[in-house]
Amino acid sequence: MSKRILTLIPVAALLAISSAHADSLIQSLNRVDNSLNKVQNTIHGTQNTIRDGQNKIDNTQRAIGEIQDGTYVEKRVENKVRQQKRRAVNDLINKSSNAIRKATNTY
């Protein structure tokens, strides 16, 4: 019986050391994971910046082409009219939805 107890003491000490080591390892892995997340966020931000810059270049080149073709003003007016129509329709939908909610007393 005492021989078993003496055998269990080193095993218990080993488990305690292993537990402490595992906790340290988990903390290290969490730090690495956080660092990787920061790097990933930085990469995504850089990709978005590059994409935005490319969109600006594309828009500028398109506008230059339209100016050279003489269609710039026409296309800007068409876009403005289309946006105003879309806003008018959306406003009408919102107003009718609000009136229906008020009439049915559901919010």
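## A tour from the E66 salt bridges outward

Select R76 and E66. These two side chains form a salt bridge, with the closest N and O atoms 2.7 Å apart. R76 belongs to helix α2 and E66 to helix α1, so the pair ties together parts that are 10 residues apart in sequence. Keep in mind that this is a predicted model.

Colour the pair by accessibility. R76 is partly exposed, at 26% relative accessible area. E66 counts as buried because its relative accessibility is 6%, and the cut-off for buried is under 20%.

Stay on E66 and add K75. The side chains of K75 and E66 meet in another salt bridge, at 3.9 Å from N to O. K75 has a relative accessible area of 34%, so it is partly exposed.

Now add R62. A salt bridge links R62 with E66, and their closest N and O atoms are 3.7 Å apart. Both residues sit in helix α1 (residues 2-69); they are 4 residues apart, so about one helical turn separates them. R62 is partly exposed, at 43% relative accessibility.

Show R62, E66, K75 and R76 together. Salt bridges with shared partners join these four residues into one network. The structure holds 3 salt bridges. What lets such side chains pair? Side chains of opposite charge can do so when their charged atoms come close.

Zoom out to the whole chain. How many helices and strands does the protein chain have? There are 2 helices and 0 strands. Of the 107 residues in the protein chain, buried ones make up 2%. E66 counts as buried. Turn on the surface: the chain exposes about 9,700 Å², and carbon and sulfur atoms supply 60% of that area.

Next, select helix α2, which covers residues 72-104. Put a distance label between its end C-alpha atoms. They are 48 Å apart; this agrees with the expected span, because 33 residues at 1.5 Å a residue should also give 48 Å. Then step just past the end of α2 to N105. Its phi is positive, at about 60°.

Go back to the surface and select I67, Y72, V73, V77 and V81. What do they form? They make up a nonpolar patch, with about 430 Å² of accessible area together. Which element gives the most to the nonpolar patch? It is α2, with 4 residues. Click on V77, one of the patch residues. V77 lies in helix α2. Its relative accessible area is 46%, so V77 counts as partly exposed.

For the last stop, select K80, R82, K85, R86 and R87. These residues gather in a patch of positive charge on the surface. Pick K85 from the group. K85 is found in helix α2. Is K85 buried or exposed? K85 counts as exposed because its relative accessibility is 58%, and the cut-off for exposed is over 50%.

To finish, put three selections on screen at once. One is the salt-bridge network of R62, E66, K75 and R76. Another is the nonpolar patch, including V77 and V81. The last is the positive patch, with K85 among its residues.

Terms used:
Residues numbered from 1 in each chain as written. Predicted model: local features only at pLDDT ≥ 70, side-chain atom pairs only at ≥ 80, totals over all residues. Heavy atoms only, no water. Patch = residues over 30% accessible without salt bridge, like charges linked within 9 Å, V, L, I, M, F, W, Y side chains within 5 Å. Areas by Shrake-Rupley, 256 points an atom, 1.4 Å probe, with all protein chains shown as cover. Lys, Arg positive; Asp, Glu negative; His and termini not counted. Charge placed at Lys NZ, Arg CZ, Asp CG, Glu CD. Buried < 20%, exposed > 50% of the residue type's maximum accessible area, 1.4 Å probe, protein only. Expected span 1.5 Å × (residues − 1).
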